[in-house]
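These are my notes on the model, set out as numbered points. Please read them alongside the coordinates.

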Amino acid sequence: MIVADLNGIGRLHGGRLIFRNLNLSLNDGERIGLIGPSGCGKSTLMRILAGIDRPDEGTVTLRRNAKVAYLVQEFSGQPGRSAIDELLAARDDIQQLSEAMNRAEHEMGDPEVLADADRFDVVLRHHGKLLEEFDRAGGFRIRNRAEGLLRALEFDEESWLKPMELLSGGQRKLIGIARCIITEPDLLLLDEPDNHLDLSRKAALERLIRDFEGCVVVISHDRYLLDETVTTILEMEPVPARDAGVRLKRWEGNYSAY
C-alpha cells in the first residue's frame, strides 16, 4: 500500500533550480537508499517528504493518518534534557494525556468536588476515558520501550540520565534515531544516520533499520550500511540539459547490486 506519493514536484532555492517534475511513490515495507552527488537535492527531497518544506511545483500526498519521522543530519536535542527524557518527549501525545490525567486526579481530590456527587462522577468518567486513551497510545509501555531502544543502541544505564549536551555527537545521533522509532511512524526518513558512529554502533543502527516494519528512506555515503539495510536504490542523477535539474532512477537491490 502506498504511504506517500510525489507527483511532478519541483524545488527552487535562491533562484537556482534544484529539481523539477520528480515523481515517486513509497510503499509499506520498502527499504530505500537515496543516493546522488553532493548538492543534488537529496536532503531537500527528504524535507519535502517530511512536510517541513513545500515544493514549488507539484503535489505531495500522504496516506490518511500516516505518520512520518525525519532525522536531520545533525541532531542535538534539547540542552539540559536527559537522554531518556529526550526519547519520551517525542511522544507528546502521551505526555499531554498524562498531564490531563494528573489534572483530573487533582480535581477528584478537591474537597468541593468530593462534596458534589454529580460533579465527582463527571470527573471520574472523564478520567476513565483519558486512562483508556493513554493505554491505547501505549502510555504504560512507553518507558519500557524507551529503555529497550537505549539498550539496543548500546547506551549504559548511567548515560540515560546524562544531559544531551554532555553526550558525544554519535550518541546524540542515536538518540535522534530512537526518537524517530519511538513515534511508531509509517515512513522513516534518515539523513546520514551513520555520521559520527563507530563500528559497534553502526551495527546497532543496521539492526534497528532492518527491524523497522514501515517504509524507510536512508541517505548515506556508506555503501556497507546500504548493503546491509536497503533493498532498493533511488539515484538522483543530474541531467545535463538546461533547467532539467535531476531525475530519479530506481534500482532494485542493495548498493552492491546497483
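1. Leaving aside its neighbours within four places in sequence, which residues is glycine 41 in contact with? The model is a predicted one, and in it glycine 41 touches Ile18, Phe19 and Met236 once the neighbours within four places in sequence are left aside. Glycine 41 sits in the loop between strand E3 (31-35) and H1. Its relative accessible area is 9%, under the 20% limit, so glycine 41 is buried. Glycine 245 is 204 residues away from glycine 41 in sequence, yet the two C-alpha atoms are 9.2 Å apart in space.

2. Helix H1 (residues 42-49) is largely enclosed by the rest of the structure, because six of its eight residues are buried. The buried residues of H1 are Lys42, Thr44, Leu45, Met46, Ile48 and Leu49; a lysine is thus listed among them. Just after H1 comes glycine 51, with a positive phi of about 85°.

3. Helix H3 deserves a separate look. With 17 residues (residues 92-108) at 1.5 Å a residue, H3 should span 24 Å, and the distance between its end C-alpha atoms, 24 Å, agrees with this. The buried residues in H3 are Ile94, Leu97, Ala100, Met101, Ala104 and Met108. These residues cover an arc of only 125° around the axis, which means that they lie on the same side of H3. Exposed residues Gln96, Arg103 and His106 are carried on the face of H3 turned away from that buried side.

4. What do the buried residues of H3 pack against? Their partners are three helices: H4 (111-114), H5 (117-136) and H6 (142-152).

5. Two residues call for a check of the backbone. Most residues other than glycine have a negative phi. Asparagine 65 is not a glycine, but its phi is positive, at about 70°. Asparagine 65 belongs to the loop between strand E4 (57-62) and strand E5 (68-71). Is asparagine 65 buried or exposed? Its relative accessibility is 69%, which is over the 50% limit, so asparagine 65 counts as exposed.

6. The other case is glutamate 192, again not a glycine, with a positive phi of about 50°. Glutamate 192 is located in the loop between strand E6 (187-191) and helix H9 (199-211). Because its relative accessibility is 13%, under the 20% limit, glutamate 192 counts as buried. The two positive-phi residues can therefore be set side by side: asparagine 65 is exposed, whereas glutamate 192 is buried.

7. Some overall values follow. The secondary structure comprises 10 helices and nine strands. Of the 258 residues in the protein, 45% are buried. Along the principal axes, the C-alpha atoms fill a box of roughly 80 × 40 × 35 Å. Taking contacts between residues at least 6 apart in sequence, 68% join residues that are at least 24 apart.

8. On the surface and the charges: the protein exposes about 13600 Å², and carbon and sulfur atoms supply 47% of that area. The protein has 34 positive and 44 negative charges, and the mean positions of the two sets are 5 Å apart.

Conventions: Residues are numbered from 1 along each chain as its sequence is written. This is a predicted model: local features need pLDDT of at least 70, side-chain atom pairs count only at pLDDT 80 or more; totals for chains, interfaces and linings use all residues. Side-chain values use heavy atoms; hydrogens and water are left out. Helices (H or I, at least four residues) and strands (E, at least two) are DSSP runs, numbered from the N terminus. The expected span of a helix is 1.5 Å times one less than its number of residues. Buried means under 20% relative accessible area, exposed over 50%, partly exposed in between (1.4 Å probe, protein chains only). The arc is that of the directions from the helix axis to the C-beta atoms. Contact means heavy atoms within 4.5 Å. Accessible areas come from the Shrake-Rupley method with a 1.4 Å probe; for residues, only the protein chains shown count as cover. Lys and Arg count as positive and Asp and Glu as negative; His and the chain ends are not counted. The place of a charge is taken as NZ of Lys, CZ of Arg, CG of Asp or CD of Glu.
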